[in-house]
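Here are a few notes to help you find your way around this one. Have the structure open while you read.

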Amino acid sequence: MTNVQRDDLVVHRDTRLRQWSIALAVLGPVLAVVAFCILVGFSLDSSFGDPANAFEYLHVWVLAIVLGGLVPMAGAVVLAVLCVVRRSQSFAGALVGGAAGLLLTALLAPALFANRIPDAQEYRAALDRTTAAERQDPDSMRDELEQVHADAVATLPEPPPSGSAPEPGSESSDDMRWLRGDICDLSVGYDGADWSSVDLESYEVDDVQDALDAIREDAEAHGRSVEVETDDDTGGVSRLVVSTRSGDLFVDVESPVPPPGHEASTLELDAVTHCVVD
């Protein structure tokens, strides 16, 4: 290889290192800003939307440190080594990118070890103390309550009319539609989730007491617990609550003013799962 060819190769290598240096000088601060924005956006979403648990906070914190801190620093180390090996002066990008990554890591790492990791460990220990009912699978819970609902409807004299359109955000199955309910409290003090049935029809019955008795007897025949709630003013039955390991079926009595001597009324059936680890 001639001296001219060798000089051309050195110039070509220096040009490539200079390009990498410029790219790292730009990319390092950009990744740090992106990581910071991810943390801010996640925190705002957790505050004003669905609250995040300690595991989710830990995962996002680690992602931010890796993306905005470790990746630029790793790139800076590689570029610095190449500059030393090839005796290049194009190490400015290593300084800028590495400094941006180091700054972000220095800002986030203390909170990671002081708060996020201990919080996640405490959360895991708390979840281990939850009851078996709070660790159920939501799909299985909904399936069981759909069967409880179907058994109750089967005792009524006539089938309901066709269902209405689902609400936005509801989860559908073959028989019922479910909507994730409000955040609920687990026994260990952390937030869980429950699901409520939506878009169920009302049921017109000629004799409300006979209908309630039929639902109660069928539930007890299936080994389910039934609680009867009465109206404080009239003393009549206002609600049946069929309880299962998965949740409750509420049978509410809606009483429009009937003609004299007529016992017709409307029953509304709603199901709600128990609060579970989400």
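The points below go through the salt bridges, the nonpolar cores, one helix and a cavity.

1. First, a caution: this is a predicted model. Everything below describes that model, so treat the distances as computed values.

2. How many salt bridges does a search of the whole structure find? It finds six. As background, side chains of opposite charge can pair when their charged atoms come close. Three of the pairs are worth a look, and they come next.

3. Start with Arg124 and Asp128, whose closest N and O atoms are 4.0 Å apart. Both sit in helix H3, which covers residues 92-128, and they are four residues apart, about one turn of the helix. An α-helix has 3.6 residues a turn, so residues three or four places apart point the same way. Is Asp128 buried or exposed? Asp128 is exposed, with a relative accessible area of 54%, while Arg124 is partly exposed at 42%.

4. Helix H5 (residues 208-221) has a pair with that spacing too: Arg216 and Glu220 are four residues apart, about one turn of the helix. Their side chains form a salt bridge at 3.6 Å, N to O. Both ends count as partly exposed, with Arg216 at 25% relative accessibility and Glu220 at 44%. There is a bit more going on here, as Asp213 joins Arg216 and Glu220 in a network of salt bridges.

5. Now for a pair between strands. Arg239 bridges to Asp252, and the closest N and O atoms are 2.5 Å apart. Arg239 belongs to strand S8 (residues 237-243) and Asp252 to strand S9 (residues 247-254), so this pair ties together parts that are 13 residues apart in sequence. Asp252 has a relative accessible area of 14%, so it counts as buried, the cut-off being under 20%. Arg239, at 24%, is partly exposed.

6. Which residues have the most contacts inside the largest nonpolar core? They are Leu156, Leu212, Ile215, Leu249, Val251, Leu267 and Leu269, in a core of 27 residues. Helix H4 (138-154), strand S6 (202-205), H5, S8, S9 and strand S10 (265-273) each supply at least two residues of this core. Another core, of twelve residues, lies apart from it and includes Val60, Ala64, Ile65 and Leu104.

7. Leu212 is a handy place to see that larger core at work on screen. Setting aside neighbours within four places in sequence, Leu212 is in contact with Val237, Leu240, Val251, Val253 and Leu267.

8. Helix H4 deserves its own look. H4 has 17 residues and reaches 24 Å from its first C-alpha to its last, close to the 24 Å expected at 1.5 Å a residue. Its buried residues include Met141, Leu145, Val148, Ala152 and Val153. Arg142, Glu146, His149 and Asp151 are also among the buried residues of H4.

9. Last, where is the empty space? The structure holds one cavity of 30 Å³ or more, and the largest cavity has a volume of about 40 Å³. Its lining is made up of Val148, Asp151, Ala152, Ile215, Asp218, Ala219, Arg224 and Val242. H4 and H5 are the elements that give two or more residues to that lining. Ile215 also turned up in point 6, among the residues with the most contacts inside the largest nonpolar core.

Definitions and conventions. Residues are numbered from 1 along each chain as its sequence is written. This is a predicted model: local features need pLDDT of at least 70, side-chain atom pairs count only at pLDDT 80 or more; totals for chains, interfaces and linings use all residues. Side-chain values use heavy atoms; hydrogens and water are left out. Buried means under 20% relative accessible area, exposed over 50%, partly exposed in between (1.4 Å probe, protein chains only). A nonpolar core is a set of buried Ala, Val, Leu, Ile, Met, Phe, Trp, Tyr and Cys residues joined through side-chain atoms within 4.5 Å. Contact means heavy atoms within 4.5 Å. The expected span of a helix is 1.5 Å times one less than its number of residues. On a 1 Å grid over the protein atoms alone, a cavity is a set of points where a 1.4 Å probe fits but cannot get out, and a pocket is an open set with protein on both sides within 12 Å along at least five of seven lines; lining residues have an atom within 4 Å of a point. Grid points are joined across faces, edges and corners, and a volume is the space filled by probe spheres set on the points.
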